[in-house]
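User: Please take me through how the helices and strands of this model fit together, reasoning from the coordinates.

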Amino acid sequence: MPRHPIIKVVNKLRDKFPPAYPVKIVFNKNINSSCLGLCTLVKQGRKSIFRISLTDYLNNYPDEYQDLASSVMLESLIHEWAHALNWSHLHDNNEEHPIHDETWGVWYAKLYNYIFYEIKDPWI
Ligand SMILES: [Zn+2]
């Protein structure tokens, strides 16, 4: 299976906004899921990684909805990436409900500005 197109965007975020631990992206194929994305801290032996799960709208919506699907996936990605950047001990006991506090909002704004304004086309 070819790489998902959003991995190009992910690589840009890895370069420009690296979180404290490596990020692994996994795709949720169930587009009926009420969950657009989820960021969790996963322990792998002595190492930790962030696992960001994204619902794969791009490969599961018809052609006429590709623009919308692209926007939804970008917004979900930066939402979850902001959780990774904003991770703290407060999250460790509450992984299913990450916190949308002020510092999360500042990260989200920075990522939003980068993806939607600073770079002309995040997909290339
Ligand atoms: Zn969230």
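**Packing around α2**

Analyst: This is a predicted model. In α2, the buried residues are M73, S76, L77, I78, H79, E80, W81, A82, H83, A84 and L85.

User: Against which elements do the buried residues of α2 pack?
Analyst: The buried set in α2 includes M73, W81 and L85. Counting contacts made by the buried residues of this helix, the partners are α1, β1, β2, β3 and α4.

User: Which helix or strand supplies the largest share of the largest nonpolar core?
Analyst: The largest nonpolar core has 18 residues, of which I52, L77, W81, A82 and A84 touch the most other members. At least two residues of this core come from each of α1, β2, β3, α2 and α4. The largest share, 7 residues, comes from α2.

User: How far apart are the end C-alpha atoms of α2?
Analyst: The helix has 20 residues, and at 1.5 Å a residue these should span 28 Å. The model agrees with that expectation, since the distance between the end C-alpha atoms is 28 Å.

User: In which sense does β3 pair with β2, parallel or antiparallel?
Analyst: One of the bridges joins L41 to F50 in β3. The hairpin of these strands has 2 residues between them, and G45 takes a positive phi near 65 degrees there. Over 8 bridges, the sense of pairing between β2 and β3 is antiparallel.

User: Which residue of β3 is the bridge partner of F27?
Analyst: β1 and β3 pair in the parallel sense, over 6 bridges. Within β3, the residue bridged to F27 is L54.

How values were computed. Residues numbered from 1 in each chain as written. Predicted model: local features only at pLDDT ≥ 70, side-chain atom pairs only at ≥ 80, totals over all residues. Core = buried A, V, L, I, M, F, W, Y, C linked by C-beta atoms within 7 Å. Buried ≥ 20, exposed ≤ 12 C-beta atoms within 10 Å, placed from the backbone. Helix = DSSP H or I, 4+ residues; strand = E, 2+ residues; numbered from the N terminus. Expected span 1.5 Å × (residues − 1). Contact = placed C-beta atoms within 7 Å. Pairing = 2+ DSSP bridges.
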